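Student: I'm new to this one, and I'd like a close look at a single part: the place where chains B and C meet. Could you walk me through it slowly?

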Amino acid sequence: MPLARISIKKGRSADYRKAIGDGIYDALRETFNVPENDRFILLHQHDDDEFDCDPGYMGIRRSENLVVIQIAVSNTRGIEQKKALYAAIVQRLAASPGIRPEDVFINLVEVQKENWSFGLGLAQYA
Amino acid sequence: MPLARISIKKGRSADYRKAIGDGIYDALRETFNVPENDRFILLHQHDDDEFDCDPGYMGIRRSENLVVIQIAVSNTRGIEQKKALYAAIVQRLAASPGIRPEDVFINLVEVQKENWSFGLGLAQYA
Amino acid sequence: MPLARISIKKGRSADYRKAIGDGIYDALRETFNVPENDRFILLHQHDDDEFDCDPGYMGIRRSENLVVIQIAVSNTRGIEQKKALYAAIVQRLAASPGIRPEDVFINLVEVQKENWSFGLGLAQYA
C-alpha cells in the first residue's frame with residue numbers, strides 16, 4: 001500500500017535507478033510488514049535547477065546523489081517502526097546502488113486505511 | 001479543492017490524457033460535492049523504468065495502462081463517500097478513455113480545510 | 001523540514017524558477033520559523049496539457065503563470081501561521097519573479113514530526 005515517490009537528479013543509469021526502488025521496497029517489507037508485491041514506486045528525474053535541496057542542513061553533507069523519497073503509507077506504524085524504516089532504507093541503498101547515508105532524505109505522509117484503492121474501484125483495506 | 005496528481009506511462013494521446021482528468025473531475029463533482037470548476041489536476045508522464053508498479057498485487061491484473069492517482073482533499077468525507085469516489089472514477093475512466101478497472105490505483109491524502117490557498121494569499125476555506 | 005513540490009508550465013527562465021524557490025523558502029523562514037538552510041524544493045515543469053488547472057475557480061483569474069505549490073510540513077502550526085505563510089509566499093513571489101497574487105495556489109500536507117529523516121537514516125525530529 002505504500003506509494004513511494006522518488007526524486008533524483010538526471011543522469012543515473014537504469015540499474016542505479018532500479019536499485020533505489022528495490023531498496024525501498026525491501027526496507028518496507030522488512031520494517032513495515034508490507035505484503036509481497038505491494039510495490040508502487042514512481043520516479044521523477046530532475047534537472048539540476050529543479051532539485052533545490054540544501055547541501056548541509058543539520059550538518060549532513062549531501063552530494064549530487066541526494067535521493068528525496070516521499071512515501072504515502074497507512075497510519076498504523078509507531079515511532080520505532082518509522083526509525084527502523086529509515087535505517088533500513090539507508091542501509092539498503094548504501095549496499096546497492098551505493099548511496100551515502102547522508103544522501104537519503106525521507107518523508108512519510110500518513111493516511112487512513114480507507115484512503116487506498118488498488119484497482120477495480122474498491123477500498124480494499126477499508 | 002482537490003489537487004490531483006496523475007502518473008501514467010508516456011505515449012498516450014492528448015485526448016486520452018484529457019479524458020483521465022475529465023473523469024476524475026466528474027467523479028469528484030458527483031461523489032465529493034466538489035464545486036463546479038474546482039479543478040486542479042497535474043499530470044506526470046513516466047518512462048517505463050520510472051513507473052515501477054506491481055502488475056499483480058492483490059490478484060489485480062494491471063497492464064501498461066495503469067493510472068496512479070493521488071488526490072489531496074479536505075478531511076471531510078467518510079468511508080462511504082470515499083468508496084463512492086473510487087467506484088465513480090473507475091466507471092468514468094472505463095467509459096472514457098477506456099481504461100480497465102484493474103488499471104486504476106487511487107490514494108487520498110487528507111488535509112485540514114485551512115490547508116488550502118486558491119490564490120491571493122488567502123485561506124479561502126478557513 | 002518542509003518539502004515543497006512546485007508545478008509550473010514549461011518555458012520559464014532559470015532565474016524565474018529560482019526566484020520561486022527563494023520566495024517559498026524565505027516565506028517559510030519568516031512565518032513558519034523554519035531553520036536556516038532547511039530548504040528542500042522540487043520543481044516539476046509541465047506541458048500545457050499536463051497542467052489542467054481552472055482559470056477562474058472562486059472568481060480568481062489565473063493565467064498561464066499559475067504556480068501550484070504543495071508543501072509537506074510538520075503539524076505544529078495553527079491557522080494564523082498558515083494564513084501568514086500564504087500571504088508571505090504571495091508577497092514574495094509578487095516581488096520576484098513578479099507573479100500575480102491570483103497565480104499562486106498552495107496546499108499544505110501536514111505530517112508528524114517523526115515522519116522526517118534528513119539523512120543518515122535517523123528521525124532527527126522524533
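Tutor: Sure, let's start with the strands. Strand 6 of chain B, residues 116-117, runs antiparallel to strand 5 of chain C, and 2 bridges join them. If you want a spot to put your finger on, find Trp116(B): standing opposite this residue, in strand 5 of chain C, is Asn107(C). Keep in mind that this is a predicted model.

Now step back to the whole contact. Chain C brings 34 residues to it, and these meet 29 residues of chain B. Where on chain C do they come from? Two or more residues each are given by strand 2 (40-46), strand 3 (51-53), strand 4 (67-74), helix 2 (79-95) and strand 5 (104-111) of chain C. So you don't lose track of the helix among those strands: helix 2 of chain C has the largest share of this side, with 8 residues. As for the kinds of residue on the side of chain C that touches chain B, there are 17 nonpolar, 10 charged and 7 polar ones.

How do the two chains relate to each other as copies? Turn by 120 degrees, with a shift of 0.0 Å along the axis, and chain C can be laid on chain B with an RMSD of 0.0 Å. That makes the relation one of a three-fold axis. To find the axis from chain C, look for Val109(C): in that chain, its C-alpha is the nearest to the axis, at 4.6 Å. The two copies put different surfaces into the contact, as 6% of the contact residues of chain C recur in chain B.

It helps to hold this up against the contact between chains A and B. There, 34 residues come from chain B and 29 residues from chain A. On the side of chain B that touches chain A, at least two residues each come from strand 2 (40-46), strand 3 (51-53), strand 4 (67-74), helix 2 (79-95) and strand 5 (104-111) of chain B. Helix 2 of chain B supplies the largest share of that side, 8 residues. By kind, that side of chain B divides into 17 nonpolar, 7 polar and 10 charged residues.

There's strand pairing to look at here as well. Strand 2 of chain A, residues 40-46, pairs with strand 3 of chain B in the antiparallel sense, over 3 bridges. For a spot to look at, take Phe40(A), whose bridge partner in strand 3 of chain B is Cys53(B).

Technical notes. Residues numbered from 1 in each chain as written. Chains lettered and ligands numbered in written order. Predicted model: local features only at pLDDT ≥ 70, side-chain atom pairs only at ≥ 80, totals over all residues. Contact = placed C-beta atoms within 7 Å. Helix = DSSP H or I, 4+ residues; strand = E, 2+ residues; numbered from the N terminus. Nonpolar A, V, L, I, M, F, W, Y, C, P; charged D, E, K, R; others polar. Pairing = 2+ DSSP bridges. Least-squares fit on C-alpha atoms with pLDDT ≥ 70 in both.
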